[in-house]
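Biologist: Please pick one part of this model and take me through it closely, then through what lies around it. Give the cut-offs as you go.

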Amino acid sequence: MNNKRFYLSEKDKKIGGVCGGIAEYFEVDPLIVRVLFLVAILEVGMGLFAYFALWILAPRNPDRY
């Protein structure tokens, strides 16, 4: 069973580590996730809310502390 979990990224973060954490979870380039969030912010308007919600609610990786 895969115990993969989403955590905020500590090694690839620009602001809060949300995009880096999503990129690590899905094993994709963080730039792709950042561009998708930017499009969501500009086009839909919910991207900024989603980013801040994930920043507040997502756990930090306990293995890194």
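**From the surface patch inward**

Modeller: Leu-48 has a relative accessibility of 42% and so counts as partly exposed (buried is under 20% relative accessible area, exposed over 50%, partly exposed in between, with a 1.4 Å probe and protein chains only). Leu-48 is found in helix H3; helices are DSSP runs of H or I with at least four residues, strands are E runs of at least two, and both are numbered from the N terminus. This is a predicted model, in which local features need pLDDT of at least 70 and side-chain atom pairs count only at pLDDT 80 or more, while totals for chains, interfaces and linings use all residues. Residues are numbered from 1 along each chain as its sequence is written, and side-chain values use heavy atoms, with hydrogens and water left out.

Leu-48 belongs to a nonpolar patch on the surface, together with Leu-38, Ile-41, Leu-42 and Phe-52. Together these residues have about 470 Å² of accessible area (Shrake-Rupley method, 1.4 Å probe; for residues, only the protein chains shown count as cover). Patch members have over 30% relative accessible area and no salt bridge; like charges are joined within 9 Å, and nonpolar side chains (Val, Leu, Ile, Met, Phe, Trp, Tyr) within 5 Å. Both H2 and H3 supply at least two residues of the patch, and H2 gives the largest share, three residues. In an α-helix there are 3.6 residues a turn, so residues three or four places apart point the same way.

H2 (30-44) and H3 (47-57) also take part in covering the buried residues of H1. H1 runs over residues 18-26, and its buried residues are Val-18, Cys-19, Gly-20, Gly-21, Ile-22 and Ala-23. Several of these reappear in the largest nonpolar core, whose nine residues are Leu-8, Val-18, Cys-19, Ile-22, Ala-23, Val-33, Phe-37, Tyr-51 and Ala-58. A core of this kind is a set of buried Ala, Val, Leu, Ile, Met, Phe, Trp, Tyr and Cys residues joined through side-chain atoms within 4.5 Å. H1 and H2 are the elements that give two or more residues to this core, and the largest share, four residues, is from H1.

Val-33, one of the core residues, shows how the packing runs. Outside four places in sequence, Val-33 is in contact with Cys-19, Ile-22, Ala-23 and Val-28 (contact means heavy atoms within 4.5 Å). Pro-30 has its place in H2 and is buried, at a relative accessible area of 17%. Apart from residues up to four places away in sequence, Pro-30 touches Asp-12 and Ala-23. The C-alpha atoms of Pro-30 and Cys-19 are separated by 6.2 Å, although these residues are eleven apart along the chain.

Between H1 and H2 lies a loop that holds Glu-27. Glu-27 follows H1, and its phi is near 55°, a positive value in a residue other than glycine. At 66% relative accessibility, Glu-27 counts as exposed.

Charged pairs come next. The structure holds four salt bridges, each a side-chain nitrogen of Lys or Arg within 4 Å of a carboxyl oxygen of Asp or Glu. Asp-12, which touches Pro-30, forms a salt bridge with Arg-34 (3.4 Å, N to O). This pair links distant parts of the chain, with Asp-12 in the segment before H1 and Arg-34 in helix H2, 22 residues apart. Both partners are partly exposed, Asp-12 at 22% and Arg-34 at 23%.

Glu-10 pairs with Arg-60, with the closest N and O atoms 3.4 Å apart. Arg-60 lies in the segment after H3 and Glu-10 in the segment before H1, so this salt bridge ties together parts 50 residues apart in sequence. Glu-10 also meets Lys-13 in a salt bridge of 3.9 Å, N to O. The relative accessible area is 28% for Glu-10, 38% for Lys-13 and 39% for Arg-60. Shared partners join Glu-10, Lys-13 and Arg-60 into one network.

As for confidence, the mean pLDDT of the protein is 87, and 95% of its residues reach 70 or more (pLDDT is the predictor's confidence in each residue, from 0 to 100). Among the elements, H3, where Leu-48 is found, has the lowest mean pLDDT, 89, and H1 the highest, 92.
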